[in-house]
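User: Please take one helix and its surroundings and look at it closely. Then place that part within the whole model.

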Amino acid sequence: MADEDLLATLQSELDCLRGRVKELEIENAKLVSQLSSCRCSQITEKIDNRADSDAVSSEQSERVKTKGRRSRKVDVQGHYLRAMHHYSKRYVALKVMYFGKRFYGFASEAHMEPTVESELFKAFEKTRLLIGDKESSKYSRCGRTDKGVSAVGQVICLYLRSNLKENSENNKNSAEGEIDYVRVLNNVLPEDIRIIGWCPAPVDFHARFTCLSREYKYFFWRENLDLSAMETAGKKFLGEHDFRNFCKMDALNVHNYKRCVISFEISPCPERFEGKELWAIKIQGSAFLWHQVRCMVAVLFMIGKGLETVNVIDALLDVERTPRKPQYAMAPEIPLVLQSCEFDSLQFSTSPDAWRDLHMHLETECQSYILQAAIFREALHKISPVEDGGRSLNNARTKRNTSHVPLMARATEPSYVERRSKFNHRSLNQELITFSLEAEPK
């Protein structure tokens, strides 16, 4: 009981700190905006840049001449970045679409390449839209999708170079005369990443914390799944619940596992293959935990196959009854798509030229994939049936029947309290080691 009271107190303090951090971020954004439009800072930058330019030695100049364009970029890179501050900038929200199969997730912090985020920043730098670096651009993203996951409605926000004057009140929400961000970026982005819209954003906007809801779609082949049971089970997710048994727990950084699911729906798609129907699970929520959607879908598939009952959802959502998550594999990542991110005040737009180019690109990509599918289908039809004792195996399913262990009877992962206790014990040991080392005589 004492541990629970302590955790509740710590959670309350953490929520207060998070609220304060958000307030400070908003205040900082306002100050940055005021500073960027201050004429005094612009004059100071011009003086500094002129001094830096005069200070370039003849040796550096000779190196620029002899080594060519690449050396010039290296030698004067710092000067170039400072010179970029003379351009007007604008806080811009971009809607991003990407096909995640070849990417190690969206975020670049994973130190695995390629990521969607790293490709985006390469495009910002190549088009010289980025002023300064990632940190100074006040960059934020709405969702952090995993390896292999796609998106057609991801949203990011950052300061980008602008054609309009920063201190002009009339231009705050205007796109007239502005850089065509969609077309410029799509000209240099890889084929599997596209910007599909942009809009000005208020200075206190944050792509993650300002988002009202996210919507995911998970595509699957119906086959013999009991969709009625899956629909009934899925409705149990609606409302606010503790989803610690439906995620990959990050006890070091995440302490509140309550999330609100706004809507749940299973619906058919128009695509068919060899008589099989393609369906999609659509889930909308205020926010989602790490791997939450894929864990939810994995349990729903067990229910659809008749391996688990609908009541297993109630048992897993009851963290008092089930404090430890049973061990089970998540649903595959490729069929998952971040469908949309909802905001209160953003109205994304695309110029007619950029829309035409985007439409043509996606149409070409669709045709290419349909051609590939036609080739695979042709190969499939060319395979001769295999005979086994006079019985054709062409239509016979020979899947291995593995015995299913009920979720509630499986081995479990450590609970949140157990994970936190382990972290605290490790931290205490580290502090004791550090203290003993410092206490040793020199």
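Analyst: Just after α6, R128 takes a positive phi of about 55 degrees. The helix before R128 spans residues 116-126. Eight of its eleven residues are buried, so α6 is largely enclosed by the rest of the structure. Note that this is a predicted model.

Which residues of α6 are buried? They are V116, E117, S118, E119, L120, F121, A123 and F124. Buried here means under 20% relative accessible area. The cover over these residues includes strands β1 (89-98), β2 (140-141), β3 (150-161) and β4 (193-200). Helix α7 (181-186) is also among the covering elements.

Two residues of α6 lead on to the core. L120 and F124 are among the residues with the most contacts inside the largest nonpolar core, along with L94, F246 and I281. That core has 86 residues. Helix α9 (residues 292-304) gives the most to it, with ten residues. In soluble globular proteins, nonpolar side chains tend to be buried together.

F246 shows how one such core residue is packed. Leaving aside neighbours within four places in sequence, F246 is in contact with F237, H291, Q292, C295, M296, V299, I313, L316, L317 and Y328. Of these contacts, Q292, C295, M296 and V299 fall within the range of α9.

Helix α9 also appears in a pocket. The second largest pocket holds about 1,800 Å³ of space. It is lined by 50 residues, and C142, R144, R208, R259 and F288 are the closest to its centre. Elements that give two or more residues to this lining are α1 (2-36), β5 (213-221), β7 (258-273), α9 and β9 (336-342). The largest share comes from α1, with six residues. By class, the lining has 23 nonpolar, ten polar and 17 charged residues.

Now the whole chain. It has twelve helices and eleven strands. Buried residues make up 35% of its 442 residues. Among contacts with a separation of 6 or more, 77% join residues 24 or more positions apart.

Confidence varies along the chain. The mean pLDDT is 82, and 75% of residues reach 70 or more. Over residues 39-83 the pLDDT is below 50. Beyond near neighbours in sequence, that stretch has 22 contacts in the model.

How values were computed
Residues numbered from 1 in each chain as written. Predicted model: local features only at pLDDT ≥ 70, side-chain atom pairs only at ≥ 80, totals over all residues. Heavy atoms only, no water. Core = buried A, V, L, I, M, F, W, Y, C linked by side-chain atoms within 4.5 Å. Buried < 20%, exposed > 50% of the residue type's maximum accessible area, 1.4 Å probe, protein only. Helix = DSSP H or I, 4+ residues; strand = E, 2+ residues; numbered from the N terminus. Contact = heavy atoms within 4.5 Å. 1 Å grid on protein atoms, 1.4 Å probe; cavity = no way out; pocket = protein on both sides within 12 Å on 5 of 7 lines; lining within 4 Å. Points joined across faces, edges and corners; volume = space filled by probe spheres on them. Nonpolar A, V, L, I, M, F, W, Y, C, P; charged D, E, K, R; others polar. pLDDT = per-residue confidence, 0-100.
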